[in-house]
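I opened my notebook to look up how one strand sits among its neighbours, and then what fills the core. Come along and read over my shoulder.

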Amino acid sequence: MDKKLGVCPRQRLARRIAPWLGAALLGLGAPVLADNTSAGGTIRIVVGAPPGGAPDTVARIVAQHMQVGGRAVMVENKNGAASMIAAAYVARARPDGNTLLLASQTTVAVAPTLQNVTTFDPLKDFTGVALVGSAPQVLLAGPKLRANSVQELITQAKAAPGEIDFCSGGIGTSPYMAAVLFAQTAGIELHSIPFAGEQACITEMLAGRLPFMFANASTALPYMKDQRLRALAVTSKERVAFAPQLPTTAEAGLKDYEVATWLGLLAPAATPPDVVNALNAEVRRVLRLPDVREKLEAQGYALSDDSPAAFTRYYQTDRDKWVRLIQSAGIKQNP
């Protein structure tokens, strides 16, 4: 309790200053800093996934090379609810550029829609800072799949509606959404078999118990290289450097089909443009470093060099695609 009686002048001054300092620390009423580089402390990239996973790895590769106004950048993991805990946290953060969100299509489109999230608005509460990069998924086939091409798979599925299984990490995961979009675009019916993550699916495919899956590039690459599993196509618009021999799904006959797993940095919506631009310039500088490019490209990412405005348009357009799919396919979190 703040007692005003019996306080010496120096204590009175401290008492007067203390509330302002507390507000500044908590982001509750202190003026927004026009120049983020003048603020003290560490800039945080909040990741809605546990340490060691693909998003966390990408965030750490970028963060360790970033310096903004002489300050380091650290990664903070707030795992849970398909990144919704992390997203809500950053949406409420002070808009000074000190707290950023590593986002993906799951963060801004799939999870908020499936979970009917009301703690933040993916369109109104964030602004794009920088797209790090995007990676295709790979249509990965095991020995149980008789098809040797995308067209053969489609033909077999049309002949036996709902009888060909695909594996994924469950409703809302990127591989699941890619498979649903594939089925809808091809006009076929597939049967979903959920497992606890991509590696569990890989195990089932290697054992010959499940025929195919859409896998994130970083997951698929080791099994493509040692040829334990067959890659039939990549889901990107263009062929990729890590597997130039693979056709795109468009080349294989689905001209309107494209899926990219992207990662980028978002800031709270009211973050000043000069702060956003400074952060964007630093991320783009980092992405040009040979060591960073090598590490991220090894995971299948095509790196970006986009402005904040271009990234904002990109993720909003991508969000529209996935929201439409969820609605048209009738996808429910708990069907």
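I began with one residue pair: Val47 stands opposite Leu102 in S4. Before going further I noted that this is a predicted model, where local features need pLDDT of at least 70, side-chain atom pairs count only at pLDDT 80 or more, and totals for chains, interfaces and linings use all residues. Residues are numbered from 1 along each chain as its sequence is written, and side-chain values use heavy atoms, with hydrogens and water left out.

**The strand.** I looked up the partners of S4 (strands, E, at least two residues, and helices, H or I, at least four, are DSSP runs numbered from the N terminus). Strand S1 (residues 43–47) pairs with S4 in the parallel sense over four bridges; a pair needs at least two DSSP bridges. S4 also runs antiparallel to strand S10 (residues 260–268), joined by three bridges, and here Leu102 stands opposite Leu265.

Is S4 (residues 99–103) mostly covered or uncovered? I found five of its five residues buried, meaning under 20% relative accessible area with a 1.4 Å probe, protein chains only. Thr99, Leu101 and Ala103 point one way, while Leu100 and Leu102 point the other.

**The core.** Next I checked the largest nonpolar core, which has 55 residues; such a core is a set of buried Ala, Val, Leu, Ile, Met, Phe, Trp, Tyr and Cys residues joined through side-chain atoms within 4.5 Å. Phe126, Phe182, Leu190 and Phe212 have the most contacts inside it. Helix H6 (residues 174–186) gives the largest share, nine residues.

I then looked up Phe126: it touches (heavy atoms within 4.5 Å) residues including Leu101, Leu266 and Tyr315, not counting residues up to four places away in sequence.

Note on methods: Buried < 20%, exposed > 50% of the residue type's maximum accessible area, 1.4 Å probe, protein only.
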